[in-house]
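Here is a short tour of one protein model, written for someone who is new to reading structures. Keep the 3D view open and look up each residue as it comes along.

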Amino acid sequence: MFLRFAAMAASPVETVSAAGAVGVAGEVIACATIYAIRSRSCRVPAGVTQSQYHCASPSPGPARRNAIEAPSEGRERTLRQQKTNIMNTPQNPIERSEVTFRFLAEPAAVNFGGKVHGGSLMKWIDEVAYACAATWSGRYCVTVSVGNIRFRRPILVGNLVELRARIVATGRTSMHIHVSVHAGDPKWGELRQTTDCLMVFVAVDESNHPVGVPSFEPKTDEQKALAKYAMDVKAALDAIVELKPENVAN
């Protein structure tokens, strides 16, 4: 005969077994299976004394505890690693040297002619160039100069705009960044260059003092050509400054 009863409680229950021969009302209980609340105390069936059977501890042993906790800890470690991977900046130097923005031109950016305002475009250029400089240097950066900017084609409201900023040369604290802008109707599947320019940023510390930046070494023919172009533009800008009348330069 098996005696079975349930402990009435809202908390989770656990099965515990008691084996032995216990005489109750002239009958022999071969095995009593009871349900007890997860605690050190167990309910004892009527007619059976506490000394007549052993109430096992409801606490899981080390092996079971590890089996329960390991999957949970594994999931937590996986989530933490995923978050870390998302937040980490690219470690490859080539990836860190480029930043691309893509978005749709909105009505708020248009001028009186119904096209994107040149000032809005220059703001976007400065923002993507700053993102590139900060990613490369790991520092807050300030704009030093903008050179050889050309507006080749207008950008219309609703166009998909792509701004690509690339490190092309570095000094001790400065970074020369080439920014190219392409735009077009997203339904056409083709973007055309509208603007490009060169910008120079300097990395600074918390006191706004210039600090060193990692050196960029051009490797491909395109990178070498852009590095030479950046140095030529810098020399031209320095020459233009020398041409200015003294009262204008000051």
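## A ring pair with Trp 124

Start with Trp 124: its relative accessible area is 13%, so this residue is buried, because buried means under 20%. Keep in mind that what you're looking at is a predicted model. Searching the whole structure turns up 3 aromatic pairs, and one of them joins Trp 124 to Phe 103. The two rings meet edge-to-face, with 4.8 Å from centre to centre and 75° between their planes.

Where do Phe 103 and Trp 124 lie? Phe 103 is in strand 4, while Trp 124 is in helix 3 (residues 118-137), so the pair ties together parts that are 21 residues apart in sequence. Unlike its buried partner, Phe 103 is partly exposed, at a relative accessible area of 25%.

## The sheet and the helix on it

Now find the open sheet: it has 5 strands in the order 4-6-7-8-5, and they pair antiparallel. Strand 4 (98-104) and strand 5 are at the edges with a single partner strand each, so each has one side without a neighbour in the sheet. On average, and ignoring direction, neighbouring strands here are turned by 20° against each other.

Take the pairing of strand 5 with strand 8 as an example: the two run antiparallel and are joined by 9 bridges. If you want to spot one residue pair, Ser 145 has Val 200 in strand 8 as its bridge partner. Helix 4 packs on this sheet and touches strand 5, strand 6 (160-170), strand 7 and strand 8. The direction of helix 4 makes about 80° with that of strand 6.

## Two nonpolar cores

The largest nonpolar core holds 31 residues, and those touching the most other members are Met 175, Ile 177 and Val 179. Which parts of the chain supply at least two residues each? They are helix 3, strand 6, strand 7 and strand 8. Helix 3 gives the largest share, with 9 residues. Another core lies apart from this one; it has 5 residues, including Val 168, Leu 198, Ala 230 and Val 233.

Val 179 is a good residue to click on. Setting aside neighbours within four places in sequence, its contacts include Ile 125, Val 128 and Ala 129, and also Arg 164, Ala 165, Thr 195, Asp 196 and Cys 197.

## A buried Asp in a loop

Next, hop over to Asp 185, in the loop between strand 7 (174-184) and strand 8 (192-204). Is Asp 185 buried or exposed? Its relative accessibility is 16%, so Asp 185 counts as buried. A polar atom of the Asp 185 side chain sits 2.9 Å from the backbone nitrogen of Lys 187. Not counting residues up to four places away in sequence, Asp 185 touches Asn 159 and Glu 190.

## Two Asn residues with positive phi

Most residues other than glycine have a negative phi. Asn 148 has a positive one, near 60°, and Asn 208 also has a positive value, near 65°.

Where are these two? Asn 148 lies in strand 5 (residues 140-151), whereas Asn 208 is in the loop between strand 8 and helix 4 (221-243). Asn 148 has a relative accessible area of 35%, so this residue is partly exposed. Asn 208 comes in at 54% relative accessibility, so this one counts as exposed.

Terms used
Residues are numbered from 1 along each chain as its sequence is written. This is a predicted model: local features need pLDDT of at least 70, side-chain atom pairs count only at pLDDT 80 or more; totals for chains, interfaces and linings use all residues. Side-chain values use heavy atoms; hydrogens and water are left out. Helices (H or I, at least four residues) and strands (E, at least two) are DSSP runs, numbered from the N terminus. Buried means under 20% relative accessible area, exposed over 50%, partly exposed in between (1.4 Å probe, protein chains only). A polar contact is a pair of N or O atoms within 3.5 Å; within protein, one must be able to donate a hydrogen and the other to accept it, and residues adjacent in sequence count only if both atoms are side-chain atoms. Contact means heavy atoms within 4.5 Å. Two strands pair if DSSP finds at least two bridges between them. Axes are lines fitted to C-alpha atoms, for helices over the stretch in contact, and angles run from 0 to 180 degrees between N-to-C directions. Rings of Phe, Tyr and Trp (its six-membered ring) pair if their centres lie within 6.5 Å; planes under 30 degrees apart count as stacked, over 60 as edge-to-face and the rest as tilted. A nonpolar core is a set of buried Ala, Val, Leu, Ile, Met, Phe, Trp, Tyr and Cys residues joined through side-chain atoms within 4.5 Å.
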